[in-house]
Number of protein chains: 2
Amino acid sequence: MNNCSCIKNVKNEVSMDVLFELSEFFKFFGDTTRIRIIHLLLSGEVSVNDIAEKLNLEQSVVSHQLRILRTANLVKPRRDGRKMFYSLDDEHIGLIFNTGLTHILHKKGK
Amino acid sequence: MNNCSCIKNVKNEVSMDVLFELSEFFKFFGDTTRIRIIHLLLSGEVSVNDIAEKLNLEQSVVSHQLRILRTANLVKPRRDGRKMFYSLDDEHIGLIFNTGLTHILHKKGK
DNA sequence: TTGATACATGAACAGTTATTCATATTTTCA
DNA sequence: TGAAAATATGAATAACTGTTCATGTATCAA
């Protein structure tokens with residue numbers, strides 16, 4: 001056998017780096033404001049002001065959270081005049097959202 | 001039409017309560033220690049001391065995090081003598097873990 | 001250019017949370 | 001019963017995070 005660490009990446013083995021990134025990734029979904037924004041963007045792109053109005057949040061709060069989501073490449077901006085439209089930037093986001101949602105609804109169901 | 005709030009639960013509509021619970025739920029995955037514990041338990045039940053040893057964590061840290069996961073019904077304990085074996089308590093946990101993992105690996109892939 | 005609109009950002013504050021250390025509880029075995 | 005092993009818990013601390021408030025930047029229209 002070989003005890004080189006390169007060989008260690010067998011099936012089901014996940015490096016600590018990946019586990020760290022994974023927890024960092026889930027953190028983005030672990031905030032009410034962000035999850036509400038993500039949920040809203042699931043149905044298409046929305047401007048910053050519209051997000052704030054529809055979610056009844058201050059514009060500053062929305063901008064701050066959008067910056068976090070944008071830095072993480074979860075949302076992407078598009079400028080149109082003075083407005084900024086944000087939309088989800090990753091195909092996985094909806095999947096993860098719905099997987100969690102299914103869990104919650106299933107739990108409430110019984 | 002009927003404006004009773006009961007009728008409001010149309011497709012794609014999620015109440016703020018559920019969105020709040022959803023974010024609370026994702027928080028459990030948003031910590032490195034907990035995600036490492038969850039990952040370890042994916043392959044079966046493990047005792048507290050074994051978790052601490054395999055993850056190189058203090059026993060106290062593991063117990064504290066296990067309590068959080070236990071309170072949230074994400075893990076369940078089983079006593080055997082003086083040992084406590086913990087295992088995942090919900091079929092969805094592995095699914096959510098893997099959905100996130102797929103995202104991370106896919107992101108690193110390109 | 002000036003004013004107004006839309007958005008971004010920085011600093012400060014408050015609330016939350018994970019870890020550490022000490023100690024308590026539970027079970028087994030001599 | 002007493003000691004040891006395995007785990008749980010409480011309090012304190014330090015670090016992190018979201019919101020607020022004030023202000024800065026960019027774009028358009030007159």
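What follows looks at how chains A and B meet each other and how they meet DNA strands C and D in this predicted model.

The protein–protein interface comes first. On the chain B side, 35 residues touch chain A, and 35 residues of chain A are in contact with them. Together the two chains bury about 3,400 Å², and carbon and sulfur atoms give 72% of that area. Within chain B, the residues that lose the most area to chain A are L19(B), F26(B) and H103(B), which together make up 17% of what that side buries.

Helix packing is part of this picture. Helix α5 of chain A (residues 91–109) meets helix α1 of chain B (residues 16–27), with the axes coming within 10 Å and crossing at roughly 110 degrees. An angle from 65 to 115 degrees counts as roughly perpendicular, so α5(A) is roughly perpendicular to α1(B). From α5(A), the contact draws on I96(A), F97(A), G100(A), L101(A), H103(A), I104(A), L105(A) and K108(A). The residues on the α1(B) side are V18(B), L19(B), E21(B), L22(B), F25(B) and F26(B). Sorted by class, this contact holds 10 nonpolar, 2 polar and 2 charged residues.

Now for the pairing of α1 of chain A with α5 of chain B. Here helix α1 (residues 16–27) of chain A packs against helix α5 (residues 91–109) of chain B at about 110 degrees, and the axes are 10 Å apart. That angle makes α1(A) roughly perpendicular to α5(B). Among the residues that meet are L19(A), F25(A) and F26(A) from α1(A), and F97(B), H103(B) and K108(B) from α5(B). By class, the contact of α1(A) with α5(B) comes out at 10 nonpolar, 2 polar and 2 charged residues.

Turning to the DNA, strand C has 25 residues around it, and the nearest are S63(A), H64(A), Y86(A), T33(B) and S60(B). Sugar and phosphate supply 64% of the strand C atoms that come within 4 Å of the protein. Y86(A) places a side-chain N or O atom 2.5 Å from a phosphate oxygen of DNA strand C. R82(A) uses its backbone instead, with an N or O atom 3.3 Å from a sugar or linking oxygen of the strand. At the bases, a polar side-chain atom of Q59(A) sits 2.8 Å from a base nitrogen of DNA strand C. Several elements give two or more residues to this surface: α3 (48–55), α4 (59–71) and β3 (83–88) of chain A, plus α2 (32–41) and α4 (59–71) of chain B. Of these, α4(A) gives the most, with 6 residues. The surface near DNA strand C breaks down into 5 nonpolar, 11 polar and 9 charged residues.

DNA strand D is likewise surrounded by 25 residues, with T33(A), R34(A), S60(A), H64(B) and Y86(B) the closest. Of the strand D atoms within 4 Å of the protein, 63% belong to sugar or phosphate, and the rest to bases. Base oxygens of strand D lie 3.2 Å from a side-chain N or O atom of H64(A) and 2.9 Å from one of S60(B). On the backbone of the strand, a phosphate oxygen is 3.0 Å from a side-chain N or O atom of Q65(A). The elements supplying at least two residues each are α2 (32–41) and α4 of chain A, along with α3 (48–55), α4 and β3 (83–88) of chain B. The largest share, 6 residues, comes from α4(B). The residues of this surface divide into 5 nonpolar, 11 polar and 9 charged.

Technical notes. Residues are numbered from 1 along each chain as its sequence is written. Chains are lettered from A and ligands numbered from 1 in the order in which they are written. This is a predicted model: local features need pLDDT of at least 70, side-chain atom pairs count only at pLDDT 80 or more; totals for chains, interfaces and linings use all residues. Side-chain values use heavy atoms; hydrogens and water are left out. Axes are lines fitted to C-alpha atoms, for helices over the stretch in contact, and angles run from 0 to 180 degrees between N-to-C directions. Helices (H or I, at least four residues) and strands (E, at least two) are DSSP runs, numbered from the N terminus. Angles under 35 degrees count as roughly parallel, over 145 as roughly antiparallel, 65 to 115 as roughly perpendicular and the rest as oblique. Contact means heavy atoms within 4.5 Å. Ala, Val, Leu, Ile, Met, Phe, Trp, Tyr, Cys and Pro count as nonpolar, Asp, Glu, Lys and Arg as charged, and the others, Gly among them, as polar. A residue is near a molecule or strand if one of its heavy atoms lies within 4 Å of it. A polar contact is a pair of N or O atoms within 3.5 Å; within protein, one must be able to donate a hydrogen and the other to accept it, and residues adjacent in sequence count only if both atoms are side-chain atoms. Buried area is the accessible area (1.4 Å probe) that two parts lose on being put together, summed over both.
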